Amino acid sequence: MTRESFDLSRNESPFGPLPSVAEAVGRATRRISRYPDAGTLTAALTDRLGVPAAHVLVGCGSAALAQDVLGAVGGPDGEVVFAWPSFEAYPHLASRAAMKSIRVPLRDGAHDLTAMAEAITDRTRAVLVCNPNNPTGTVVRRGPLAEFLDAVPSDCPVVLDEAYGEYVRDREVPDGLSFYRDRPNVAVLRTFSKAYGLAGLRVGYLVAHPHLADAVRGFMLPFTVNSLGSAAAVASLEATAELEHRVTLVLGERERIRCALLELGWTVPASEANFLWLPLGERTSAFVAHCARAGAVIGAYPPLGVRVTVGTAEANDAFLRAALSFPDRP
Ligand SMILES: *Cc1c(COP(=O)(O)O)cnc(C)c1O
């Protein structure tokens, strides 16, 4: 008999799609002989966010949109500045856009905005700020972000990647749109893959001022959001209460895991996302292998640490049992 294994490595929602969203996708299957209509999702976002339609781009996941941003602004000798460790796709997206990655090490587990501002040169074509940061769950708060943006040249695009924004409860963490509104170089990137549970349908969006939005639009392929993804995203925007309920469950489980680990003497930074970061250093690979044998697959960042996605109570229990039986535990 093979034991059940839980995948806690990809920051997915542990629940299936929201019921109302699954129904909308079912209805949309009747129209898949037609080319998708991007206008409906754009209009729904325009309404929901209070931004002009010309500022909204929808794409095949937010990673693809980040790629399109870098493709649109990049060029020979171009550099893109981001924190490290951060979203593991950033270096790949940069190299695909023929840009050099400038990785600015985290300081005390969080973005070192001072060092990031100092890393900006006349070759910098874009800055990525992942808030909350994947894989550490740490955040950039309003005051420091404002100060940072004041230090960035006003013609240098700054993309605020808010893939986990729905999980944030810290009131000092800004909604990126509040910075975009009066700073033409600030863009906000969001996804339906994480809290909304639509990773398999690939839908994300970017909000940016026209000079960047137009450049990205000119670079993108047409029809990058398919009609099922579009229907799912539109329905998701209506499903606020259902989403909220699930987010609350995940946050409750996150704190339960974190408290259990802290009590056992582990170091676990506070997280504002649906995952926890354990800075295990040299013990990283051994711990990942131990958890996998115990039925919990977690994210490995050797030699820095591991990222554990919050799953169902059952999956989280499997992970906690693994942590408890790790021979090299604190
Ligand atoms: C998961 C993730 C994304 C990308 O998600 P898509 O599925 O491409 O929308 C973007 N940014 C961060 C930080 C992520 O963790």
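**Exercise 1.** In this predicted model, which backbone N or O atom lies 2.9 Å from an oxygen atom of the ligand?

*Solution.* The backbone atom belongs to Ala 63, and its distance of 2.9 Å falls within the 3.5 Å cut-off for a polar contact. Two side chains also reach ligand oxygen atoms. In Asn 134, a side-chain N or O atom is 2.8 Å from an oxygen of the ligand. In Arg 202, a polar side-chain atom lies 2.7 Å from a ligand oxygen. As for cover, the ligand taken alone exposes 390 Å², and the protein buries 93% of that area.

**Exercise 2.** Describe the surroundings of the ligand.

*Solution.* Start with the space: the ligand takes up the second largest pocket. Next, count the shell: 13 residues surround the ligand, and those that come nearest are Ser 62, Tyr 164, Thr 191, Ser 193 and Lys 194. Finally, sort the shell by character: 5 residues are nonpolar, 5 are polar and 3 are charged.

**Exercise 3.** How many disulfides does a search of the whole structure find, and why does Cys 60 not form one with Cys 130?

*Solution.* The search finds 0 disulfides. A pair of cysteine sulfur atoms must lie within 2.5 Å to count. For Cys 60, the closest cysteine sulfur is that of Cys 130, at 19 Å, so the two are too far apart for a bond. Cys 60 itself is partly exposed, at 32% relative accessibility.

Repeat the step for Cys 259. The closest cysteine sulfur to that of Cys 259 is in Cys 291, 19 Å away, which is too far for a bond. Cys 259 has a relative accessible area of 42% and is therefore classed as partly exposed.

How values were computed. Residues numbered from 1 in each chain as written. Predicted model: local features only at pLDDT ≥ 70, side-chain atom pairs only at ≥ 80, totals over all residues. Heavy atoms only, no water. Polar contact = N/O pair within 3.5 Å; in protein donor to acceptor, adjacent residues only side chain to side chain. Areas by Shrake-Rupley, 256 points an atom, 1.4 Å probe, with all protein chains shown as cover. 1 Å grid on protein atoms, 1.4 Å probe; cavity = no way out; pocket = protein on both sides within 12 Å on 5 of 7 lines; lining within 4 Å. Sits in = over half its atoms within 2 Å of the grid points. Nonpolar A, V, L, I, M, F, W, Y, C, P; charged D, E, K, R; others polar. Buried < 20%, exposed > 50% of the residue type's maximum accessible area, 1.4 Å probe, protein only.
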